[in-house]
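Biologist: I have a model open here and I'd like to practise reading it with you. Can we go feature by feature?

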Amino acid sequence: MISRQPTAGRLLLEELPDRWRGLHEAGPVRHDEAQGVWQVLDHEHVAAVLADPATYSSDLSALSPTQPDFETFTQGNFVGMDPPEHRKLRTLVSQAFTPRVVQGLEPRIEAVCARLLDEVADQDRFDLVDTLAYPLPIIVIAELLGIPAEEHRLFQEWASVLFGGDQLGEAPDMADLERALEAIAPTVREMNSYMLDYIRARRAAPGDDLTSRLIAAEVDGVRLRDQEMVGFVALLLVAGHITTTALLGNAVVTFDRYPETAAALRADPPRIPTAVEEVLRWLPPFPELGRRVTRPVVLGGHEIPADTLLMAHLGAANRDPARFDAPDVFDVTRSPNPHLTFGHGIHFCFGAPLARLEARIALNMLHERFRTLVIPSHEDITYQNPAVLIGVRQLPVEVGRA
């Protein structure tokens with residue numbers, strides 16, 4: 001099913017891809033004068049940058065503002081690490097977060113999804129984010145980690161502060177980032193303290209959960225220290241759910257804009273996994289990944305010096321006409337679909353299988369529960385700051401039952 005024309009009116013989630021498409025006019029690599037960074041825009045160069053951690057480092061600490069409360073968090077945050085430290089932590093989490101573990105979560109995801117939708121069984125209107133898109137992945141990852149899932153509202157508040165971008169404009173500079181770090185530092189401090197207490201309790205009394213397995217896991221005789229575990233577990237809890245939250249909201253908004261696509265998916269549910277991949281290509285939750293250039297390079301015909309901040313633009317790469325046929329067409333039958341939304345190389349998102357599973361289950365259940373699901377007014381949608389996250393904060397929907 002190919003959708004060429006959305007329904008009338010323009011949304012932020014439709015304007016952003018237009019901006020990304022326009023970036024290609026400057027060539028595969030461009031310098032953003034406003035932010036003072038280099039952007040890599042085409043699929044080939046973005047994939048090459050992400051696959052070369054020796055030249056394009058994920059450790060941005062030398063280029064970023066510092067803040068004491070973030071130092072504890074970053075100790076175990078392997079997203080911002082390079083080999084060999086990255087290999088150690090990635091191997092540890094891979095031991096405890098296996099494909100078998102993820103597939104074994106399917107019955108629990110279905111049960112949580114059903115319970116959350118049962119809570120609005122008597123309502124014809126509700127907020128999809130508050131009802132399902134936020135709590136579902138938070139509850140699932142909290143239970144997996146052994147953290148009390150009933151505290152998911154607290155974790156949601158943390159995520160809202162960390163990823164809300166309320167202190168930032170759409171093109172933040174270093175001064176904006178410094179102000180933002182200071183503003184969210186109390187939340188990071190609270191999160192660090194909570195996680196440290198929890199990890200110490202789990203170390204003293206291990207359970208059958210991911211945190212306990214991470215504590216026991218080792219690579220080359222090395223295990224994680226408590227301080228390393230803080231950033232590690234916090235990353236899994238807070239960042240580990242936000243992609244699914246954004247994906248579900250983006251899918252519902254996009255399907256609403258292309259009603260013939262929504263009808264086709266209802267008629268043929270096995271198409272949903274392929275449709276999820278197209279939503280991921282169309283609206284990557286994190287459209288840019290930062291890298292530090294470690295040595296002078298020539299990229300896309302430009303000389304880029306060492307210690308330069310380089311942004312690999314996933315949103316633009318996912319619209320590269322050299323890699324995708326009809327890239328500006330929303331096509332839920334697109335195959336293959338080599339989008340870069342989950343990254344590439346050593347930092348490919350290890351939570352991707354869980355996000356895909358949660359999205360498939362949730363979208364299937366929404367179709368089973370509701371004969372119709374529409375957004376009555378797009379003016380009532382509120383969005384995340386696209387400089388931080390592509391997604392919605394509030395998404396009022398109206399449903400019809402059989």
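Modeller: Sure. Keep in mind that this is a predicted model. Let's start with a pair of strands: Asp32 stands opposite Val37 in E3.

Biologist: Which strand pairs with E3 there, and in what sense?

Modeller: Here's the general idea: strands of a sheet pair through backbone hydrogen bonds, either parallel or antiparallel. In this case strand E2, residues 29-32, pairs with E3 in the antiparallel sense, over 4 bridges. The two form a hairpin with 4 residues between the strands.

Biologist: Which residue in that hairpin takes a positive phi?

Modeller: Gly36, with phi near 70°.

Biologist: What does E3 do with E9?

Modeller: E3 pairs with strand E9 (residues 309-313) in the parallel sense, over 3 bridges. Look at Gln39, whose bridge partner in E9 is Met311.

Biologist: Are the faces of E3 covered or open?

Modeller: Both faces of E3 (residues 37-40) are covered. Val37 and Gln39 are buried on one side, and Trp38 and Val40 are buried on the other.

Biologist: Now the other sheet I've spotted. What is the strand order in the one that contains E14?

Modeller: That open sheet has 3 strands in the order E5-E14-E11, with antiparallel pairing. E5 (125-127) and E11 (372-374) are at the edges with a single partner strand each, so each has one side without a neighbour in the sheet. From one strand to the next, the twist averages 30°.

Biologist: Over how many bridges do E11 and E14 pair?

Modeller: Over 3, in the antiparallel sense, with E14 covering residues 396-400. To find the register, go to Leu373, which stands opposite Val399 in E14.

Biologist: On to helices. How do I describe the packing of two of them?

Modeller: You give the angle between their axes and the distance between the axes. Try H8 (residues 135-145) and H16 (residues 352-369): the angle is about 130° and the axes are 11 Å apart.

Biologist: What word goes with that orientation of H8 and H16?

Modeller: Oblique. An angle has to be over 145 degrees to count as roughly antiparallel, and the roughly perpendicular range is 65 to 115, so H8 and H16 come out as oblique to each other. Their crossing is right-handed.

Biologist: Which residues meet where H8 and H16 touch?

Modeller: From H8, you have Leu136, Pro137, Val140 and Ile141; from H16, Leu354, Glu358 and Ala362. By class, that contact has 6 nonpolar residues, no polar ones and 1 charged.

Biologist: Does helix geometry help me read a list like that?

Modeller: It does. An α-helix has 3.6 residues a turn, so residues three or four places apart point the same way.

Biologist: How many residues of H14 are buried?

Modeller: 9 of the 11 in H14 (residues 272-282), so read this helix as mostly covered. The buried residues include Ile272, Leu280 and Trp282, along with charged-type names such as Glu277, Glu278 and Arg281. They pack against H1 (12-23), H12 (226-257), H13 (259-267), E10 and H16.

Biologist: Let's try a single side chain. Is Phe73 buried or exposed?

Modeller: Phe73 lies in H3, residues 68-75. Its relative accessible area is 15%, and the cut-off for buried is under 20%, so Phe73 counts as buried.

Biologist: What does Phe73 touch, leaving out residues up to four places away in sequence?

Modeller: Val188, Met191, Asn192, Gly231, Ala234 and Leu235. Take Leu235 as an example: Phe73 and Leu235 are 162 residues apart in sequence, yet 8.3 Å apart in space, C-alpha to C-alpha.

Biologist: Last topic: how do I look for unusual backbone geometry?

Modeller: Start from the usual pattern: most residues other than glycine have a negative phi, and most peptide bonds are trans. Here the Pro83 to Pro84 bond is cis, with omega near 5°, and Pro84 is in the loop between H3 and H4 (85-96). The bond from Ser335 to Pro336 is cis too, with omega near 0°. Pro336 is in the loop between E10 (330-331) and H16.

Biologist: And where is Asp307, with its phi near 60°?

Modeller: Asp307 is in the loop between E8 (302-304) and E9. With a relative accessible area of 47%, Asp307 is partly exposed. Ala326 also has a positive phi, near 45°, and lies in the loop between H15 (314-317) and E10. Ala326 is partly exposed, at 42% relative accessibility.

Conventions. Residues are numbered from 1 along each chain as its sequence is written. This is a predicted model: local features need pLDDT of at least 70, side-chain atom pairs count only at pLDDT 80 or more; totals for chains, interfaces and linings use all residues. Side-chain values use heavy atoms; hydrogens and water are left out. Axes are lines fitted to C-alpha atoms, for helices over the stretch in contact, and angles run from 0 to 180 degrees between N-to-C directions. Angles under 35 degrees count as roughly parallel, over 145 as roughly antiparallel, 65 to 115 as roughly perpendicular and the rest as oblique. A crossing is left-handed if the near helix is turned anticlockwise from the far one by less than a right angle, and right-handed if clockwise. Contact means heavy atoms within 4.5 Å. Two strands pair if DSSP finds at least two bridges between them. Buried means under 20% relative accessible area, exposed over 50%, partly exposed in between (1.4 Å probe, protein chains only).
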